[in-house]
Structure formats: C-alpha cells, structure tokens
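Subject: Structure handover

Hello,

Here is the structure I said I would pass on. My notes on it follow below.

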Amino acid sequence: MTLTFYKYQGTGNDFVIIDNRLGVFPKNDTKLVARLCDRKFGIGADGLMLLEKPTAADDDFVMVYYNADGRESTMCGNGGRCLVAFAAFVGVIQNHATFTAVDGKHTASIVGDSVRLQMQNVSKINTYDKHLFLDTGSPHHVMKVSDLQKYDVKTNGSTIRNGAPYFEEGTNVNFVEKIDTDRYAVRTFERGVEDETLSCGTGVTAVALGMHTLGELTSNAVQIETLGGELEVSFVANGSEFTEVYLTGPAVQVFKGEYKC
C-alpha cells in the first residue's frame with residue numbers, strides 16, 4: 001500500500017496528515033503510525049492526524065490524532081490548527097470550520113497562514129505550592145522556573161511526567177518564565193513524544209489560564225513564546241471558569257509525499 005501524506009507544522013510542532021475520508025488507513029496499526037513519525041526511519045513528526053468524514057450534521061470533518069509513539073491520544077491544539085489548514089487546502093472548508101476531536105466539538109477560522117482555534121472550556125485548575133495542574137483537552141503540569149533557556153527540560157520533564165501522581169497515564173509538563181507584561185516563554189515536555197517539542201498548543205493554553213489563576217495577567221490575551229515561534233491565547237474568565245478560549249498562530253504546509261508501507 002502507498003500512502004499519500006502531507007507534512008504540516010505549527011510553530012515547529014510538526015505532523016504527518018493523511019486524508020482518510022475514504023477510510024483506507026489502518027487505524028489500529030500502532031507500529032505503522034510510530035514508524036511514520038520516526039525521524040530516522042520514517043517521515044518524522046511529533047504526531048499523526050487523520051482527516052475523516054464528519055459523523056455529525058453540523059461538522060465539516062472529524063480529527064483523529066496519534067502521538068509519535070503510535071497510540072491515539074488526547075487533543076492536540078497545534079495539530080488541530082494544522083488540520084484546519086489542511087482541510088482548507090483540500091477544499092473541505094473555506095475560511096471557517098466546525099469539527100469534532102477526541103475532546104469534543106471545536107470551531108476555527110483562517111486568516112492568511114494563521115488559524116484561530118476554539119479550545120474547550122476549562123472549569124477546574126488545581127493549584128499547588130510549586131505548580132498548577134489542569135486539562136485543556138490534554139493534561140498539563142505547569143511550573144514556573146528561572147533561566148528557562150538553560151533549563152534541563154528533558155530530564156526534569158521526564159521525571160515529573162512519570163512520577164507521582166501521574167505515573168503510567170502521565171502528563172505533559174510545561175516550564176514557564178515571565179518575559180514581560182502578559183508575555184511568557186514556555187518549553188514543554190510532551191508525553192507520547194517523550195521529549196521536548198518546539199511548541200505545544202494545549203500546553204501554552206494551560207500556561208495562559210494558569211497565569212491568570214495566579215493573578216499575573218493584566219488582560220485576557222497572552223503572548224506565548226515557544227522554541228518554534230509565537231502563539232496567542234485569549235479567553236473570557238468568569239470566576240474559576242474559562243470560556244471562549246482561543247489558540248491562534250501559524251499553520252504551514254511543509255511538503256507532500258508518498259510512503260510505501
């Protein structure tokens with residue numbers, strides 16, 4: 001079997017995307033997904049996504065997301081933005097989209113190379129002495145550090161990801177440093193990739209909501225600098241509940257190819 005694939009990236013968070021509206025992709029073949037994402041023996045990516053036919057009348061498509069380890073995973077914010085850009089490229093949508101992912105329904109809009117994706121509402125943020133924990137479609141541990149540029153993200157992130165209280169299920173881990181008013185730098189260790197990625201959409205969303213919870217923000221729009229570029233997170237805060245949460249940033253096609261299985 002020969003698979004036609006597309007490579008997309010959103011602030012350096014890169015993905016293999018396959019149009020699976022005809023249902024030909026072997027979705028249960030975790031070894032194939034992992035091989036496609038392998039950077040030495042495959043295409044190379046942080047994850048793989050399938051664009052599938054909608055199952056709800058008001059949807060344009062369904063998003064199916066796999067981590068680089070081959071297992072279907074929780075929501076990916078940058079992945080969702082890239083899949084919206086791909087849906088426009090193949091003519092499924094024009095400038096607006098409604099789709100369903102593993103965490104529920106999302107809407108999005110496209111302006112140039114930028115995609116604005118509505119994330120799920122968040123109503124619970126757990127605050128601890130040295131970190132916060134919340135779910136923005138994927139679980140996130142958020143921790144402020146000093147001298148982020150020199151911080152050992154892989155070692156410390158792996159320790160937290162696999163340790164108590166997360167253990168086997170694990171969590172994504174975000175290390176945060178304030179740069180300026182309503183501007184933060186973030187580096188993320190992602191479970192499933194088991195390494196630092198250049199950017200994480202659900203992670204920067206978690207950071208923005210977390211910094212608001214700590215009382216650090218002066219507005220409801222936060223600029224986040226990742227290793228792969230800049231993202232914006234905006235939201236409406238109603239007490240401890242966050243609604244109208246949007247993740248905005250670039251989503252770019254890198255190349256198209258064929259892979260012989």
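Where in the chain is Lys-53 placed? Lys-53 sits in a loop, the one between β3 (47-52) and β4 (61-67). Please keep in mind throughout that this is a predicted model.

To finish with Lys-53: its relative accessibility is 53%, and it counts as exposed because the cut-off for that is over 50%. Leaving aside residues up to four places away in sequence, Lys-53 touches Arg-21 and Val-62. Its C-alpha atom is 12 Å from that of Ala-101, a residue 48 positions away along the chain.

The protein as a whole

The protein is built from four helices and 17 strands. A compact globule of 261 residues would have a radius of gyration near 18 Å, and the 17 Å of this protein agrees with that. Taken along the principal axes, the C-alpha atoms fill a box of roughly 50 × 35 × 30 Å.

Of the 261 residues, 52% count as buried. The protein exposes about 11600 Å², and 48% of this area comes from carbon and sulfur atoms. Among contacts with a separation of 6 or more, 61% are between residues 24 or more positions apart. There are 24 positive and 33 negative charges, and the mean positions of the two sets are 5 Å apart.

Asn-13 and its surroundings

Asn-13 belongs to strand β2, which covers residues 13-19. Is Asn-13 buried or exposed? With a relative accessible area of 2%, Asn-13 is buried, since the limit is under 20%.

The side chain of Asn-13 has two polar contacts to report. One is with the side chain of Asn-78, at 3.2 Å. The other involves the backbone oxygen of Ser-199, which lies 3.4 Å from a polar atom of the Asn-13 side chain. Both Asn-78 and Ser-199 are also in the list of residues that Asn-13 touches, not counting those up to four places away in sequence. That list further includes Tyr-8, Asp-46, Cys-76, Glu-190, Thr-197, Cys-200 and Gly-201.

Glu-230

Glu-230 is located in strand β15, residues 229-238. Its relative accessibility is 37%, and for this reason Glu-230 counts as partly exposed. Which side chain does the side chain of Glu-230 join in a polar contact of 2.8 Å? The partner is the side chain of Arg-183. Not counting residues up to four places away in sequence, Glu-230 touches Arg-183 along with Thr-11, Gln-223, Ile-224, Glu-225 and Pro-250.

Asn-78, already mentioned as a partner of Asn-13, can also be placed relative to Glu-230. The C-alpha atoms of Glu-230 and Asn-78 are separated by 12 Å, while the two residues are 152 positions apart along the chain.

Gly-203

Helix α4 runs over residues 201-213, and Gly-203 lies in it. At 0% relative accessibility, Gly-203 counts as buried. Gly-203 touches His-140 and Asn-174, again not counting residues up to four places away in sequence. Gly-203 and Asn-174 are 29 residues apart in sequence, with 6.5 Å between their C-alpha atoms.

Backbone details in the loops

Three points concern the backbone.

- Ala-164 and Pro-165 are joined by a cis peptide bond, with omega at about 0°. Pro-165 is in the loop that runs between α3 (153-162) and β11 (172-180).
- Asp-147 has a phi near 50°, which is a positive value in a residue other than glycine. Asp-147 is found in the loop between β10 (139-144) and α3. With a relative accessible area of 42%, Asp-147 is partly exposed.
- Glu-194 has a phi near 60°, also a positive value in a residue other than glycine. The loop that holds Glu-194 is between β12 (183-190) and β13 (195-197). The relative accessible area of Glu-194 is 31%, so Glu-194 is partly exposed.

That is what I have on this structure.

Regards

Definitions and conventions: Residues numbered from 1 in each chain as written. Predicted model: local features only at pLDDT ≥ 70, side-chain atom pairs only at ≥ 80, totals over all residues. Heavy atoms only, no water. Helix = DSSP H or I, 4+ residues; strand = E, 2+ residues; numbered from the N terminus. Rg over C-alpha atoms; globule rule 2.2 N^0.38 Å. Buried < 20%, exposed > 50% of the residue type's maximum accessible area, 1.4 Å probe, protein only. Contact = heavy atoms within 4.5 Å. Areas by Shrake-Rupley, 256 points an atom, 1.4 Å probe, with all protein chains shown as cover. Lys, Arg positive; Asp, Glu negative; His and termini not counted. Charge placed at Lys NZ, Arg CZ, Asp CG, Glu CD. Polar contact = N/O pair within 3.5 Å; in protein donor to acceptor, adjacent residues only side chain to side chain.
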